[in-house]
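Dear colleague,

Please find below the structure that I am handing over to you. A short account of what was found in it follows.

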Amino acid sequence: MANHKSSLKRIRQTKTRTEHNRYYAKTMRNAVRKLRAMTNKEEAAALYPKVQKMLDKLAKTNIIHRNKAANLKSSLTKHINSLG
């Protein structure tokens, strides 16, 4: 266990940040799953901007890598365009 006040504070901060980041990453994964499961093109196209905004925000705050966000947006766009 840590002996310094600063390292105890650092542990508390890390725990808080980890919980925060996990929540938003899980929310993003669920949104991506929901969009991939859609079969109606209009509904998927309506949901896509919200998911795209979520991915951009998470990439901006380094919760996910910017290339991962770009790859997800690209694959989701392909999925929406492939719907009949």
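Which residue forms a salt bridge with Asp 56? The partner is Lys 73, and the closest N and O atoms of the pair lie 2.6 Å apart. Please keep in mind that this is a predicted model.

As general background, side chains of opposite charge can pair when their charged atoms come close. Here the pair links distant parts of the chain, since Asp 56 belongs to helix H2 and Lys 73 to helix H3, 17 residues apart. The count of salt bridges comes to one. Lys 73 has a relative accessible area of 19% and is therefore buried, the cut-off being under 20%. Asp 56, at 35%, is partly exposed.

The largest nonpolar core contains 18 residues. Met 28, Leu 35, Val 51, Leu 55, Ile 64 and Leu 76 are those with the most contacts inside this core. Helices H1 (5–37), H2 (41–60) and H3 (66–82) each give two or more residues to the core, and H2 gives the most, with seven.

Leu 55 offers a useful place to begin looking. Leaving aside residues up to four places away in sequence, Leu 55 touches Met 28, Ile 64, Ala 69, Leu 72, Lys 73 and Leu 76.

Helix H1 has 33 residues and reaches 48 Å from its first C-alpha to its last, close to the 48 Å expected at 1.5 Å a residue. Ala 25, Met 28, Ala 31, Val 32 and Leu 35 are buried in H1, and what covers the buried residues of this helix includes H2 and H3.

Yours sincerely

Definitions and conventions:
Residues numbered from 1 in each chain as written. Predicted model: local features only at pLDDT ≥ 70, side-chain atom pairs only at ≥ 80, totals over all residues. Heavy atoms only, no water. Core = buried A, V, L, I, M, F, W, Y, C linked by side-chain atoms within 4.5 Å. Buried < 20%, exposed > 50% of the residue type's maximum accessible area, 1.4 Å probe, protein only. Helix = DSSP H or I, 4+ residues; strand = E, 2+ residues; numbered from the N terminus. Contact = heavy atoms within 4.5 Å. Salt bridge = Lys/Arg side-chain N within 4 Å of Asp/Glu carboxyl O. Expected span 1.5 Å × (residues − 1).
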